[in-house]
Every structure is written in structure tokens, then in C-alpha cells.
Amino acid sequence: MEPLFADTAAIDLAVSLLHQGRLVAFPTETVYGLGADASNPDAVRRIFQAKGRPADHPLIVHIAHQDQLCEWAASVPDSALQLAAQFWPGPLAMILPKQPQVSALVTGGQNTVGLRMPNHPVALQLLAAFGGGVAAPSANRFCKISPTLAAHVAEELGTAVDLILDGGACQVGVESTIIDLSGKLPVLLRPGHITREAIAEALNTQVLLSPGIGTDSIRAPGMMAVHYAPTTAAVLCPTDQLAALAAQLSSTGQTSALLSYSLAAEAYGYDLGIKLPAQPEDYAHKLYASLRTLDDWQVALIVVELPPQTEIWRAVNDRLGKATKRASV
Ligand code: TXA
Ligand code: MG
């Protein structure tokens with residue numbers, strides 16, 4: 001499946017495919033989504049088949065306007081309206097109690113639904129023209145790295161998707177922040193570009209951290225320890241140990257590549273590598289494409305320089321933690 005440049009004609013085609021219950025991959029500001037009509041159970045079922053994703057994992061419903069919140073959420077608390085006013089369209093998904101008619105396929109059988117208004121002109125044009133909600137997980141196979149280019153979607157999903165709209169590289173580069181507003185206090189389920197502090201400040205309240213972040217036990221697949229993983233084994237390594245690890249790897253004859261942000265790979269003794277910007281938002285923008293490139297090099301081990309353990313790096317650290325869990329030196 002060749003991606004189609006997302007002009008108005010391509011978007012019109014996408015809208016008619018969605019109405020027919022087909023799958024359309026489209027760009028958002030975070031990552032590419034694999035979209036289907038959220039009110040059509042057969043269409044939603046196709047998402048799970050295409051991704052190879054277990055059926056109990058809920059999907060986010062994408063909407064074009066704040067007014068559509070009440071079509072999907074049984075109650076819309078003030079906190080949701082405040083966050084929507086401040087951050088939508090934008091990289092924030094909200095979990096709210098669901099309307100009774102929202103399919104259990106979309107919610108993974110839960111009594112809540114995830115909602116988001118993405119900030120990308122193609123996504124917004126598509127959603128507005130379609131009119132309804134579009135269920136869209138990231139357009140990758142289950143447990144693989146999310147796509148940030150149309151070409152990534154084509155590589156990964158091939159003919160399992162009916163149309164890929166090409167809207168260029170995703171600006172943010174990591175998935176949306178997910179905030180659960182269905183309980184007394186907001187709970188951060190997935191860190192992202194919009195930080196916990198920004199939400200706490202907007203709502204003037206405490207924002208809890210989900211106890212499940214970084215563990216295997218949780219209902220949201222984005223929260224499993226192993227997720228977003230490259231095929232190649234990968235380890236996180238603190239900056240001051242990078243050179244020693246390079247020496248150890250070369251003494252055992254293992255090929256490796258470094259993903260760094262401080263200095264180029266050669267400076268630490270690695271033959272190959274990618275140096276990302278030392279600023280979290282620019283780093284996030286390039287992270288997934290870089291992991292795909294490192295994976296393509298087919299080295300024995302990908303070494304990732306551990307970023308600063310600070311709040312502004314939380315989303316990046318969360319994704320790196322998941323991408324590197326499987327390996328140990
Ligand atoms: O940035 C994004 O959110 C991208 C783009 C395409 O919009 N989408 C995305 O979807 O990352 P996905 O399915 O890969 O991740 C959605 C996350 C999952 O971890 C899912 O479990 C969680 O949202 N989620 C959805 N509905 C939920 C609910 N009712 N309760 C708890 N978690 C929910
Ligand atoms: Mg995903």
C-alpha cells in the first residue's frame with residue numbers, strides 16, 4: 001500500500017472508506033493512527049486484526065470538536081472542559097465514563113472511553129468531514145514502535161490497511177498524554193508532550209501517577225513494560241558508563257550502535273550511532289524513526305544513553321524504558 005499525499009481528494013476518499021467500514025491510516029501531531037468508524041463494530045474489529053492486538057485493549061476515539069465529547073462520554077466533568085479548552089486540539093487523551101451505546105470493542109469492555117482531538121490539519125479535516133468519531137490506535141503492529149512517517153505505516157501494515165494518508169513527519173513524535181478523569185482526582189496513565197505539571201496547573205489540583213506506569217499489570221497496552229520495542233536487544237546506559245560498555249562489547253566481538261544525545265557515538269568508542277538533540281521535545285520528535293534505523297542496522301545490541309531523570313524528560317524516559325526492558329548486558 002503506497003501512501004497517498006493527503007490533499008483534499010485523498011481526504012474525501014478516506015472519508016468514504018471510513019463510511020464503508022474500511023481502515024484509513026492518517027497523520028496526527030503525535031504518531032500515525034490506524035482509523036476506523038468508532039460506531040461500526042465490524043470496522044473496529046478490523047483494527048484489531050490489522051494490528052494483531054488483543055481485543056481487551058481499548059482504543060482512543062478521535063473527534064473534530066469539543067461538542068462531540070458528550071456523544072461519547074456519559075458525563076463531562078468541568079476538568080475535561082477545562083483541559084479541552086486549554087490543550088485541544090493537541091496531544092492529550094482524556095478517559096471519561098462512556099455513553100451506554102459506545103461499543104465494548106472500542107473500550108476493551110471497560111465503562112470508560114478515551115477521547116482526543118488531534119492537532120494536525122489532515123486529521124482535523126478528515127474528522128470534520130467524516131463527522132463521527134474515529135477509533136485510532138497507533139498504526140503499528142502490536143508491541144512494535146509507533147510510526148511517525150507514512151512510510152513506516154506502509155512497511156508495517158502493508159495491505160492490511162485500505163488507505164494511508166501521507167501528511168509528513170509527526171511533529172511531537174511520541175503518543176499523547178493520557179489522563180484519566182473518571183475518578184475523584186485525575187490520574188496520569190501515559191506521560192506525553194503535555195506534562196503532569198501542566199495538567200496540575202491547568203486544573204489547580206494534584207495529578208496522581210498511575211501505579212501501573214512501567215509495569216505489566218495494567219489495562220492500557222501503552223503501559224505494559226514491553227512495548228514500543230525494536231527487534232534488536234536494547235539497553236539503557238548512564239553517560240558515565242558508555243565508554244566502559246563500548247570497551248566491554250568490542251572485547252567480546254559484539255556489534256553495537258549507540259543512541260546518544262551528549263556526544264557522537266565515536267567519542268564513546270562505538271562504531272555506529274545516531275546523535276539526537278539534547279532537548280526533550282526535539283529528541284522525542286526523532287526518537288521512533290531513530291529506533292527504526294538502529295533496528296535496520298542489525299547490530300547485536302542497541303545502547304541508549306540514559307537521558308536526564310527529570311520531569312521534562314518523563315515521556316521520553318517512559319518510552320525508552322519500554323523499548324529497552326528486554327535486554328541485559
Ligand atoms: O497519540 C496518540 O494517542 C495516538 C494517535 C494515533 O492519536 N494513538 C495511540 O493509540 O497512541 P494507542 O491505541 O496505541 O494507545 C492508546 C492508549 C492505550 O494504551 C489504551 O489502552 C489507552 O489509550 N486507553 C484507551 N481507552 C482507554 C480507557 N478507557 N481506559 C484506559 N486506557 C485507555
Ligand atoms: Mg500504540
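## A loop residue to start with

Asn204 sits in the loop that links helix H8 (196–203) to strand E11 (208–209). Its phi is near 55°, a positive value in a residue other than glycine. Asn204 is also exposed, with a relative accessible area of 72%. Bear in mind that what you're looking at is a predicted model.

## Two domains

The chain splits into domain 1, covering 4–209, and domain 2, covering 234–326. Taken over C-alpha atoms, their centres are 29 Å apart. Where the two touch, domain 1 puts in 24 residues and domain 2 puts in 12 residues.

## Helix H6 and its buried face

Which residues of helix H6 are buried? In this helix, residues 121–130, they are Val122, Ala123, Leu126, Leu127 and Phe130. They sit on the same side of H6, because they cover an arc of only 125° around the axis. The spacing fits a general rule: an α-helix has 3.6 residues a turn, so residues three or four places apart point the same way.

That buried set has plenty of company. It packs against helix H1 (8–19) and against a run of strands: E2 (24–26), E3 (33–37), E4 (60–62), E7 (134–135) and E8 (163–166). Right after H6 comes Gly131, with a positive phi near 95°.

## Strand E5 and the way into it

Strand E5 (residues 92–97) is mostly covered, with five of its six residues buried. E5 runs parallel to strand E9 (residues 177–180), and four bridges join the two. Within that pairing, Ala93 has Ile178 of E9 as its bridge partner. E5 also pairs with strand E6 (residues 112–116), this time in the antiparallel sense and again over four bridges. Here Pro97 stands opposite Thr112 in E6.

Look just ahead of E5 and you'll find a cis peptide bond, running from Trp88 to Pro89, with omega near -10°. Pro89 belongs to the loop between helix H4 (78–87) and E5.

## The four-stranded sheet

Four strands make an open sheet in the order E12-E15-E13-E14, with parallel pairing. Strands E12 (234–237) and E14 (272–275) are at the edges with a single partner strand each, so one side of each has no neighbour in the sheet. From one strand to the next, the twist averages 20°. Inside the sheet, four bridges join the parallel strands E13 (residues 256–260) and E15 (residues 301–305). As a landmark in that pair, try Leu258, which stands opposite Val303 in E15.

Helix H9 (residues 242–251) packs on this sheet, touching E12, E13 and E15, and its direction makes about 170° with that of E15. Helix H11 (residues 314–324) lies across E12 and E15 and runs at about 135° to E12.

## Cysteines

How many disulfides does the structure hold? The count is zero. As a reminder, a disulfide is a covalent bond between the sulfur atoms of two cysteines. For Cys143, the closest cysteine sulfur is in Cys170, and at 20 Å that is too far for a bond.

Is Cys237 buried or exposed? Cys237 is buried, at 4% relative accessible area, while Cys143 is partly exposed, at 22%. Cys143 lies in the loop between E7 and helix H7 (150–157). The phi of Cys143 is near 75°, a positive value in a residue other than glycine.

How values were computed
Residues numbered from 1 in each chain as written. Chains lettered and ligands numbered in written order. Predicted model: local features only at pLDDT ≥ 70, side-chain atom pairs only at ≥ 80, totals over all residues. Heavy atoms only, no water. Buried < 20%, exposed > 50% of the residue type's maximum accessible area, 1.4 Å probe, protein only. Arc of directions from axis to C-beta. Contact = heavy atoms within 4.5 Å. Pairing = 2+ DSSP bridges. Axes fitted to C-alpha atoms, helices over the stretch in contact; angles between N-to-C directions. Disulfide = S-S within 2.5 Å. Domains from an automatic or database assignment.
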